[in-house]
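Reader: I am in my first year and would like to learn how to read a protein model step by step. Could we go through this one together, with a reason behind each answer?

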Amino acid sequence: MSEYLILSAQDISKFEPEKTAVVSVLSPIETHGTHLPVGTDVFIAREVLQRTCEILSKQFKILRLPDLCLGADAQPVFGSISLKYRTLKELIIDIGKNLATMGFRYWMIFDNHGGPRHQLALADASVHLKKKYQFTLIVPFLHIFQEMLQDSEEIGIPAGMNGDVTDLHAGTNETSLMLYTHPEMVKNYNLPRYIPSTQSRLGNFLRFLGSKELAITADWVKDPKNPYYLGDPSKADAQRGKKMIDFHVKRSVELFQQALNSQYNPPKLYNAIIRLLLRIL
């Protein structure tokens with residue numbers, strides 16, 4: 001794996017676009033309860049990147065861009081730093097345009113953040129780059145998060161522990177991931193299970209529009225008793241974290257192969273009304 005920052009322009013020009021995978025981490029700085037660091041999503045994404053690239057490097061040169069510790073829809077509480085949907089989308093498009101101009105064809109972003117405008121910005125940027133520049137932006141977590149929400153049997157982890165709607169943030173799943181990747185960063189996680197007990201006006205509106213996931217997120221964010229996590233951290237287990245990392249890596253390799261076969265497309269997120277609202281609000 002070659003670090004983009006330490007190469008000269010001449011060095012970079014020697015990478016063959018057809019045999020090169022440009023990779024990077026992109027996840028926001030975000031509060032994850034009292035037991036996990038604000039860089040949790042970044043640390044998890046780094047692990048997935050490293051392990052995925054160990055596999056891809058058998059056939060491809062890996063060119064790693066600097067980490068982008070940013071994103072949209074970070075939990076709106078003290079400690080989080082968040083961008084707007086349009087800011088994130090345009091940033092990714094501009095970077096992708098530069099890479100396409102240099103001749104590169106594939107950029108894989110490793111992420112671990114499920115914020116709705118964050119995910120929509122990445123999906124929209126991927127579509128734009130493919131249409132305008134014939135450049136493929138692969139974002140495995142867009143697909144993985146949908147599989148988590150649907151309690152996919154392929155993950156092999158029970159509902160409520162796999163990052164689904166009852167385990168969305170710093171609960172069993174993310175705490176398990178950190179226990180596996182960075183146990184030294186995990187503080188006391190013997191914390192009670194939390195899901196919002198009341199429904200907010202915004203949550204009910206989102207239910208009316210057909211999005212249970214966004215409705216629960218809205219209820220959580222609006223809850224004055226929000227402990228800054230959603231799920232049950234006390235059930236976290238390092239081996240379950242390893243199992244989830246293995247799944248991330250497996251899907252990342254599969255999706256990169258789809259890109260090589262000109263078959264990669266980001267998932268179509270949400271329904272048309274919700275997509276419109278997320279883009280303009």
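**The sheet and its surroundings**

Author: In this predicted model, five strands make up an open sheet with parallel pairing, and their order is β1-β3-β2-β4-β5.

Reader: Which are the edge strands of the sheet?

Author: An edge strand is one that pairs on one side only. In the order β1-β3-β2-β4-β5, this description fits the strand of residues 2-3 and the strand of residues 136-138, namely β1 and β5.

Reader: How many bridges join strand β2 to strand β3?

Author: Strand β2 covers residues 20-25 and strand β3 covers residues 61-64, and the two run parallel. Within this part of the sheet, Thr-20 stands opposite Lys-61 in β3. The number of bridges that join β2 to β3 is four.

Reader: At what angle to β4 does helix α3 run?

Author: Helix α3, made of residues 85-101, lies across three strands, β2, β4 and β5. Its direction relative to β4 is given by an angle of about 145°.

**Aromatic pairs**

Reader: What kind of aromatic pair do Tyr-106 and Phe-256 form?

Author: A pair of aromatic rings is described by the distance of the centres and the angle of the planes. The whole structure holds four aromatic pairs, and in the one formed by Tyr-106 and Phe-256 the centres are 5.7 Å apart, with 65° between the planes. Because planes over 60 degrees apart count as edge-to-face, the pair of Tyr-106 and Phe-256 is edge-to-face.

Reader: How many residues apart in sequence are the parts that this pair ties together?

Author: Tyr-106 belongs to strand β4 (residues 106-110), whereas Phe-256 belongs to helix α9 (residues 238-260). Both Tyr-106 and Phe-256 are buried, and together with Phe-60 they form one aromatic cluster. Since one ring sits in the strand and the other in the helix, the pair ties together parts whose separation in sequence is 150 residues.

Reader: Are Tyr-194 and Tyr-229 buried or exposed?

Author: The ring centres of Tyr-194 and Tyr-229 lie 6.4 Å apart with the planes at 80°, so this pair is edge-to-face. Tyr-194 is in the loop between α6 and α7, Tyr-229 is in the loop between α8 and α9, and the pair thereby links distant parts of the chain, 35 residues apart. As for their accessibility, both Tyr-194 and Tyr-229 are buried.

**Single residues**

Reader: Which residue's backbone oxygen lies 2.6 Å from a polar atom of the side chain of Thr-172?

Author: Thr-172 has its place in helix α6, and with a relative accessible area of 0% it is buried. Among the residues that Thr-172 touches are Gly-160, Asp-232, Pro-233 and Arg-240. The backbone oxygen at 2.6 Å from the polar side-chain atom is that of Asp-232.

Reader: Is Lys-268 buried or exposed?

Author: Lys-268 is found in the loop between α9 and α10, and its C-alpha atom is separated by 31 Å from that of Pro-227. Because over 50% relative accessible area counts as exposed, and Lys-268 has 72%, this lysine is exposed.

Reader: How many disulfides does the structure hold?

Author: A disulfide is a covalent bond between the sulfur atoms of two cysteines. For Cys-53, which is buried at 2% relative accessible area, the nearest cysteine sulfur is that of Cys-69, 16 Å away; Cys-69 itself counts as partly exposed, at 35%. Because a disulfide needs sulfur atoms within 2.5 Å, neither Cys-53 nor Cys-69 is in one, and the number of disulfides in the structure is zero.

Terms used. Residues are numbered from 1 along each chain as its sequence is written. This is a predicted model: local features need pLDDT of at least 70, side-chain atom pairs count only at pLDDT 80 or more; totals for chains, interfaces and linings use all residues. Side-chain values use heavy atoms; hydrogens and water are left out. Rings of Phe, Tyr and Trp (its six-membered ring) pair if their centres lie within 6.5 Å; planes under 30 degrees apart count as stacked, over 60 as edge-to-face and the rest as tilted. Buried means under 20% relative accessible area, exposed over 50%, partly exposed in between (1.4 Å probe, protein chains only). Two strands pair if DSSP finds at least two bridges between them. Contact means heavy atoms within 4.5 Å. Axes are lines fitted to C-alpha atoms, for helices over the stretch in contact, and angles run from 0 to 180 degrees between N-to-C directions. A polar contact is a pair of N or O atoms within 3.5 Å; within protein, one must be able to donate a hydrogen and the other to accept it, and residues adjacent in sequence count only if both atoms are side-chain atoms. Lists of a residue's contacts leave out its neighbours within four places in sequence.
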